[in-house]
Amino acid sequence: MKLILPAQDVFTATTIDLEPTAAELDQIDREMPVISAEVELLDAQIMTLDRLPNELDARRIRRAGRKVLAARRELANQAGAGDAA
């Protein structure tokens, strides 16, 4: 009988660093306005899942969508300015 074994070592969680690096934390901080805006948009959309959106709901969703776009634009502009410098 021939044994079939994996070609690589067994992976254990102790072989990796489970904490984020400083660079990863900095990137999360830079993206936090986008994350917050997307959560706000998601909250507005979730509120209308079980009913038809009224005018106030529609305005809330549009406002949250514009906030997401503005936050993404600001993040892209920061990244572009960082590359140019």
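Trainee: How many salt bridges does a search of the whole structure find?

Mentor: The search turns up 6 of them. Keep in mind that this is a predicted model.

Trainee: What makes E40 and K67 a salt bridge?

Mentor: Set the distance against the cut-off. The side chains of E40 and K67 come to 2.8 Å, N to O, and the limit for a Lys or Arg nitrogen and an Asp or Glu oxygen is 4 Å. That pair therefore counts as a salt bridge. In general, side chains of opposite charge can pair when their charged atoms come close.

Trainee: What does the E40 and K67 pair tie together?

Mentor: E40 sits in helix α1 and K67 in helix α2, so the bridge ties together parts that are 27 residues apart in sequence.

Trainee: Why are E40 and K67 called partly exposed?

Mentor: Look at the two cut-offs: buried is under 20%, exposed is over 50%, and partly exposed is in between. E40 has 32% relative accessibility, so E40 falls in the middle class. K67 has 44%, so K67 lands there too.

Trainee: Which residues are linked in a network of salt bridges?

Mentor: R51, D57 and R60. In one of the links, R51 pairs with D57, their closest N and O atoms being 2.3 Å apart. In another, D57 pairs with R60 at 3.2 Å. Both distances are within the 4 Å limit, so both pairs qualify.

Trainee: What separates D57 from R60 along helix α2?

Mentor: They are 3 residues apart in helix α2, which means about one helical turn.

Trainee: How do you know whether D57 is buried or exposed?

Mentor: Its relative accessible area is 4%. Buried means under 20%, so D57 is buried. The partners get another label: R51 is partly exposed at 37%, and R60 is partly exposed at 27%.

Trainee: What does D57 touch, not counting residues up to four places away in sequence?

Mentor: D57 lies in helix α2 and touches M47, T48, R51 and L52.

Trainee: Where does T48 lie, and is T48 buried or exposed?

Mentor: T48 belongs to the loop between α1 and α2. Its relative accessibility is 13%, which is under 20%, so T48 counts as buried. Leaving aside neighbours within four places in sequence, T48 is in contact with P53, D57 and I61. The T48 side chain also reaches the backbone oxygen of Q45 at 2.9 Å.

Trainee: How many helices and strands does the chain have?

Mentor: There are 2 helices and 0 strands.

Trainee: Why is the set with V34 and L41 called a nonpolar core?

Mentor: The label is for buried residues of listed nonpolar types, joined through side-chain atoms within 4.5 Å. The largest such core here has 6 residues: V34, A37, L41, A64, V68 and A71. Helices α1 (22-46) and α2 (55-84) each supply at least two residues of this core. In soluble globular proteins, nonpolar side chains tend to be buried together.

Trainee: What is L41 in contact with, leaving aside its neighbours within four places in sequence?

Mentor: L41 is in contact with I61, A64, G65 and V68.

Trainee: What share of the 85 residues do buried residues make up?

Mentor: Buried residues make up 12% of the chain. As for the outside, the accessible surface is about 7,400 Å², with 61% of that belonging to carbon and sulfur atoms.

Trainee: What makes the nonpolar surface patch?

Mentor: L25, I28, M32, I35 and V39 make a patch of about 380 Å². Patch residues need over 30% relative accessible area. Take L25, in helix α1: its value is 41%, so L25 clears that bar. With 41% also between 20% and 50%, L25 counts as partly exposed.

Trainee: Last one: why is Q78 called partly exposed?

Mentor: Q78 is in helix α2 and has 43% relative accessibility, a value between 20% and 50%, so the label fits. Also, the C-alpha atoms of Q78 and R30 are separated by 9.0 Å, though these residues are 48 residues apart along the chain.

Key: Residues are numbered from 1 along each chain as its sequence is written. This is a predicted model: local features need pLDDT of at least 70, side-chain atom pairs count only at pLDDT 80 or more; totals for chains, interfaces and linings use all residues. Side-chain values use heavy atoms; hydrogens and water are left out. Buried means under 20% relative accessible area, exposed over 50%, partly exposed in between (1.4 Å probe, protein chains only). Helices (H or I, at least four residues) and strands (E, at least two) are DSSP runs, numbered from the N terminus. Contact means heavy atoms within 4.5 Å. Accessible areas come from the Shrake-Rupley method with a 1.4 Å probe; for residues, only the protein chains shown count as cover. Patches are made of residues with over 30% relative accessible area and no salt bridge: like charges are joined within 9 Å, nonpolar side chains (Val, Leu, Ile, Met, Phe, Trp, Tyr) within 5 Å. A polar contact is a pair of N or O atoms within 3.5 Å; within protein, one must be able to donate a hydrogen and the other to accept it, and residues adjacent in sequence count only if both atoms are side-chain atoms.
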